[in-house]
Structures are given as structure tokens and as C-alpha cells.
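Colleague: I should be grateful for a close look at a single part of this protein, set against the fold as a whole. Please treat the strand of your choice together with its partners.

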Amino acid sequence: MERLKWFEEARYGLFIHWGLYAELGGEWAGVHYPGGTEWIMRTARIPFETYRKLALSFNPLSFDAEDWVKKALGFGCRYLCFTAKHHDGFAMFDTAVSDYSIVHTPFGRDVVKELSDACRRHGLKFCVYYSQMQDWADPDGDGNTWDYDPKKKDFRRYFENKVKPQVRELLSNYGEIGMIWFDTPYDMPRELCAELAAFVHSLQPDCVINGRIGYGLGDYRQMGDNEIPMLAYRGAWETPMTLNNTWGYSKTDQNWKTPKKVMKMLIDVASKGGNLLINVGPDANGVIPAGSVRALDAVGSWLQKYGKSIYGTEPCADFPYQMRWGGMTGRGKKVYLHLLDVSEIHGRLKICNIETKATSCRLLSTGEELPFRQTYELARDEYRFIVEYPTDRLDDMDTVIAVEFEEAPVPHSLYMTFGRDGRTEI
Ligand code: FHN
């Protein structure tokens, strides 16, 4: 699909969860609430009239859209997805629907506008997150049962009076939007989801819609939070991933994933044809926590050197053995072997079941040619590609070996079942 092209090339995006909840950082009335800090209004059952007072003090003077976008680029991300409205119902953009928005805070600036402009200036795809079903500020929105009687809720009224007007604003006032990222559709009726999808595309036909619009109506499949599938999927997909244990800012959670862990996940996701959407939760002053910047900067430096083994790669064909040494990514005739843990292979890496002839094999970092051979093991009816790599010039994060084949290699993993006459073709 044409509008998905950039998305499938991108492989790595930055998610930003930022809203009034950043002021609380997971704490309310002296109590620390577990779980996503962006859920605190609900987990602590804070009455809307109380919670909305956070807007009176929201004044993130350190917020600098230019800085966020430059950071995202430095992290190696190819798109940025910002929470225009999360479940708390607060609009981080100028909306005519209500005064429950960022422009009615002491800060008074339209964050979506500043971010979308900065992204455009730097050629980064700008995307918006919009919570279409849950809205704890709206009497008819889903989720707030402590202020509003569920029996009196009229979801269609909320859909017509808030969702559609705000989606129209987002898709009309901020130029080209790469993607609209819906979330938690729960039991939203199919016809409303379909109506919303059609509405989005009537406003911006090229805007990608994520899977959480529901019923498979999105342009790609959305995996669960922090969930990476076992096998490659056909078609585009994405995994949203936290860097610590929450999406919104937390005063206490410093449990950052290491750069190597993020990188491994990125390789894993890319090898299966997906995208990794890694999250940061800026604080109430508009600062992206130093711990997340450190981790993602290191991934960004790695991508600077080895980006071509990630961006624009395609799902790798099935490989019959566990790759305890790392993983494979690739595109067409090119395969990238990622040596992440060489403790079991000692200078020689074997790839089984690739019969296709290789034409070259190099260290991606220096272009240095590496010796390789291809053999046939008759006892196992297995073709092998064997490369010797230099053990004294390994990259601590990941040593990438680029192999070029005569044509896109197709491993024989489909022929793993032995029949009486050898391989059983499927
Ligand atoms: O409830 C949200 C959560 O706060 C966060 O936005 C994540 C991101 O994928 N989505 C929902 C839970 O799946």
C-alpha cells in the first residue's frame, strides 16, 4: 500500500507520552500508584474537577520542540508520535471543542503545532496519538465511572461532539500528518470504527491509521504493548515499547532498558518485518529524562554506523535454528548478520540451510572482506554458509557482517520435514 511505504522503511519511531499527568509523575496525595503514570487519574480515581486543576499550573518552560526533534533524530528514529490527547481527555493542541487544552494553561502554547513544525523543518514524519474511546474528562467518553454514571453515557454523542471535531482539527491544522495512532478501542462498535477510518482518510488520504482503530481496519497490525511476535508476520506491523515500566513520566522509575537491549529488540523486530516504537515520557518541565536520553543516544550512535542493516530491511526468511549469537536482517540479495553474543561461536559463524550462492561477505563497519565458504552436509541434507570473522575487532554492541548473495536467499527451512525420498516440498 502506497501510504505505508515510509512506515515500512522506517523501522524505528519515537513515542512521546506527555500531558498533565507528567506533573504528578505517578504520585497522588502522597501515594505512589503502580502501573502507567499516565493512568493516574483513573487508578487514583481523581475527580475530573480536581484533576483539571493541574492545567492551572502546567507551565513546562523548558519545552523546546526543536530540541525534542533533534533528539529523536539523534536517537535514529524515523518518525515521532505524540500524544495529542490521551485517556485523560486533555488536548495538547488548540481545540475549539473545549477549553480543556494546553492553550488554556499558563504555558499557553500549542505543543502539537510546535512539534509538527519542527518535525517538518527536519524531515521527520510527524504522527499523532489520539485516544478515541477512553476520555475521562467527557461525561460520554469511556472509562470515567467515578464522576459519570455509565448508564447515562451516550458514546455516539461524544464521538460526534468531541472525537470527530478534534480529529478534524488535528488533520486540518497541522499540515501533513504521517499517522494517526488510535488506542484502546475496547468494545467500540465496528461501524463507528469504520466511520472514523473513513473520516480520517477523507481528510488526509495518505495518513496511516494504526491497528488499534480496531477490527483490522487499520493500515497495519498493532502488537500488544511490549510484545514482539515469535515469527515474521506478513504485512506491516509495529510494537510499542516502554523504555522503563511506564509510558508517562515517573518520579521514581529509573529502570531503563540498556542500549544493547533496545538494539537487540530493534534487530529482532526488523528481522520479522516490524517497527519498534520506543517511548519516552518527558517531565512537567518539558524535559526528556536523562536516563532515556542516554540509552537512546547510544542506540542512535549504533544506528549511525549500522543503520543500513535496519532501515528499509524486509522480513527475513525462516531460519531453522536458534540464533544464540544474534540475528539476521536483510533486504533482497543482502543479509546482515548481527553478532551480539559470540561466546559460543569463537570466530566462525555458520548459517545453515542457505543454498543460494554468496558473492561477497564484509564487515559492515569497515568494508573489510571476510573469508567464507559454502558447503553441503549430506548427513543432514543441509547447505551451510560459514564465515570467519576477526575476534579482535568486534563491536561491543553488535558486529555486523554484510553478505551479498546472487539472488535473495531462500533458506530450506520449509523443507525441514524428511520424507522417504529426502526433502518434502511444501
Ligand atoms: O492505555 C494506554 C497506555 O497508557 C499507553 O498509551 C499504551 C501505548 O501503547 N496504550 C494503552 C495501553 O495499551
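Modeller: What follows describes one strand and its two neighbours, after a short account of the whole chain and before a brief turn to a second region.

The model is a predicted one. It contains 10 helices and 19 strands. The radius of gyration is 24 Å, close to the 22 Å that the globule rule gives for 426 residues, so the protein is as compact as a globular protein of that length. Along the principal axes, the C-alpha atoms fill a box of roughly 75 × 45 × 40 Å. Of the 426 residues, 54% count as buried. Among contacts between residues at least 6 apart in sequence, 70% join residues at least 24 apart.

The strand chosen is β12, which spans residues 334–339. Strand β12 is mostly covered, with 5 of its 6 residues buried. One partner is β11, residues 326–331, which pairs with β12 in the antiparallel sense over 6 bridges. Within this pairing, M328 has L337 of β12 as its bridge partner. The two strands form a hairpin with 2 residues between them, and G332 takes a positive phi near 55° there.

Another partner of β12 is β17, residues 399–405. These two strands also run antiparallel and are joined by 6 bridges. Here Y336 of β12 has A402 in β17 as its bridge partner. Strand β12 thus has bridges to β11 and to β17. As a general point, the side chains of a regular strand alternate between the two faces of the sheet.

A second region offers a useful comparison of strand direction. Strands β4 and β5 pair in the parallel sense over 6 bridges, whereas β11 and β12 are antiparallel. In the parallel pair, C81 stands opposite C127 in β5. Strand β5, residues 125–130, is mostly covered, since 5 of its 6 residues are buried.

The loop between β4 (79–85) and α6 (111–122) holds S101. The relative accessibility of S101 is 0%, so this residue counts as buried, the cut-off being under 20%. Leaving aside residues up to four places away in sequence, S101 touches F90, A91, F93 and T95.

Finally, the surface and charge of the whole protein may be noted. About 18,300 Å² is exposed, of which carbon and sulfur atoms supply 49%. There are 51 positive and 59 negative side chains, and the centres of the two sets lie 2 Å apart.

Key:
Residues are numbered from 1 along each chain as its sequence is written. This is a predicted model: local features need pLDDT of at least 70, side-chain atom pairs count only at pLDDT 80 or more; totals for chains, interfaces and linings use all residues. Side-chain values use heavy atoms; hydrogens and water are left out. Helices (H or I, at least four residues) and strands (E, at least two) are DSSP runs, numbered from the N terminus. The radius of gyration is taken over C-alpha atoms; the globule rule is 2.2 Å times the number of residues to the power 0.38. Buried means under 20% relative accessible area, exposed over 50%, partly exposed in between (1.4 Å probe, protein chains only). Contact means heavy atoms within 4.5 Å. Accessible areas come from the Shrake-Rupley method with a 1.4 Å probe; for residues, only the protein chains shown count as cover. Lys and Arg count as positive and Asp and Glu as negative; His and the chain ends are not counted. The place of a charge is taken as NZ of Lys, CZ of Arg, CG of Asp or CD of Glu. Two strands pair if DSSP finds at least two bridges between them.
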